[in-house]
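Here's a quick tour of one model, aimed at someone who likes cut-offs spelled out. Have the viewer ready and follow along.

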Amino acid sequence: MNARSQGMDFEKYNPVSTLVVPEHPVKKSKFPFIDVHNHQYGMGNANLNGLLKDMDALNMKVMVNLSGGNGEGLKKMTDNIKANAPKRFIVFANISFNGIGEQGWTEKAVEMLVNDVKNGANGLKVFKNLGLSVKDNAGKRVAIDDPRLDAIWAKCGELKIPVLIHAADPKPFWDPEDGNNERWLELKTHPGRKRGDNNPAPWQQIIDEEHRMFKKHPRTTFINAHFGWYANDLAHLSKLMEQMPNMYVEFGAVIAELGRQPKMARQFFEKYQDRILFGKDSWQPEEYATYFRVLETADEYFPYHKKYHAFWRMYGMNLPDDILKKIYYKNALKIIPRIDKSLFE
């Protein structure tokens, strides 16, 4: 039977483009870079040589591991790095929200953070469970701007370490799963990502909680992961950047949004060139090529690496060298402590 008589669903329809345009695939970044959004869970016991080899092939000089945990697990990780690759990895600590609401919880959390920084952590990563699944000792959802957390954000400002935070998920995950939903294919293939209007709260409510927290702590530097889920609305994100000068952004997992609007995206990068960081998220070395190509080239109509994330094609922003250097490493050097600057001379 041919495809016509069988019928063909959207997932299987993947025609080869007949468009002939100049192509400039990029497997290695033009300048050395710092990836501020990576996850390496077993780094405490791991042999780092294989990871370093993959990083060198990409021209990644420093990887920020956001999954540092806390306490002894974090110290084991930073000890391994110090012994084997002290210049190449930065570790962010994580807060355990278990028991929030119990007497003394806030003080203990702050104390743990201080000790983690003494043990080598250079930042704090907050996962999306805050705002979604974290509950206090009374079983109530903990809002991102819950006052019981204020001392943590304030301490990060005092210690001069940034907070990289992931709040909520893309808004279409809260929208009806129908033919009008741009993330339909992702929800179809990953049904666990679908949420209802109040599961556990409206999307906008969670995002607003995060922004109130940023504004409440102007002396703390926040890195809003995934462009704060506004990579598809850069005009609105621009307004937020003006309202919150202590907010930086990184584009982990949202390069597809930037690649489909190269003119608008380039304007945004030109305007906020001092507050955008390179982030990737999942450790798939072959996928970095898409990021480099969007940032560095003027290529047209090239594919993304995951169809369920983006069924459209990408276009390059062709950023100038001075902006590329800021995105790749200079901005991270400004706000993340103890990165060896000699790697970028």
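Below are notes on the strands and helices, and on how they pair and pack.

## Ground rules

This is a predicted model, where local features need pLDDT of at least 70, side-chain atom pairs count only at pLDDT 80 or more, and totals for chains, interfaces and linings use all residues. Residues are numbered from 1 along each chain as its sequence is written, and side-chain values use heavy atoms, with hydrogens and water left out.

Helices (H or I, at least four residues) and strands (E, at least two) are DSSP runs, numbered from the N terminus.

## The β1-β2-β3 sheet

Three strands, in the order β1-β2-β3, make an open sheet with parallel pairing; two strands pair if DSSP finds at least two bridges between them. At the edges sit β1 (33-38) and β3 (89-91), each pairing on one side only. From one strand to the next, the twist averages 20°.

Four bridges link β1 with β2 (residues 60-65) in the parallel sense. Looking for a specific pair? Phe 33 has Met 60 in β2 as its bridge partner. Helix α2 (residues 49-58) lies across β1, β2 and β3 and runs at about 125° to β2. Angles here run from 0 to 180 degrees between N-to-C directions, with axes as lines fitted to C-alpha atoms, for helices over the stretch in contact.

## Around β8

Strand β8 (residues 247-250) is covered on both faces: Met 247 and Val 249 point to one side, Tyr 248 and Glu 250 to the other, and all are buried. Buried means under 20% relative accessible area (1.4 Å probe, protein chains only). In a regular strand, side chains alternate between the two faces of the sheet.

Strand β7 (residues 222-224) runs parallel to β8 and is joined to it by three bridges, with Ile 223 partnered by Tyr 248. Getting from β7 to β8, the chain passes through α8 in a right-handed β-α-β crossover: with the strands pointing away from the viewer, the path from the first strand over the helix to the second runs clockwise. β8 also pairs in the parallel sense with β9 (residues 276-277) over two bridges, and Val 249 has Ile 276 as its bridge partner.

## α8 against α10

The axes of α8 (residues 234-243) and α10 (residues 262-271) come within 10 Å and cross at roughly 10°. That makes α8 roughly parallel to α10 (angles under 35 degrees count as such).

Among the residues in contact (heavy atoms within 4.5 Å) are Leu 237 and Met 241 of α8, and Met 264 and Phe 268 of α10.

Technical notes. Parallel < 35°, antiparallel > 145°, perpendicular 65-115°, else oblique. Buried < 20%, exposed > 50% of the residue type's maximum accessible area, 1.4 Å probe, protein only.
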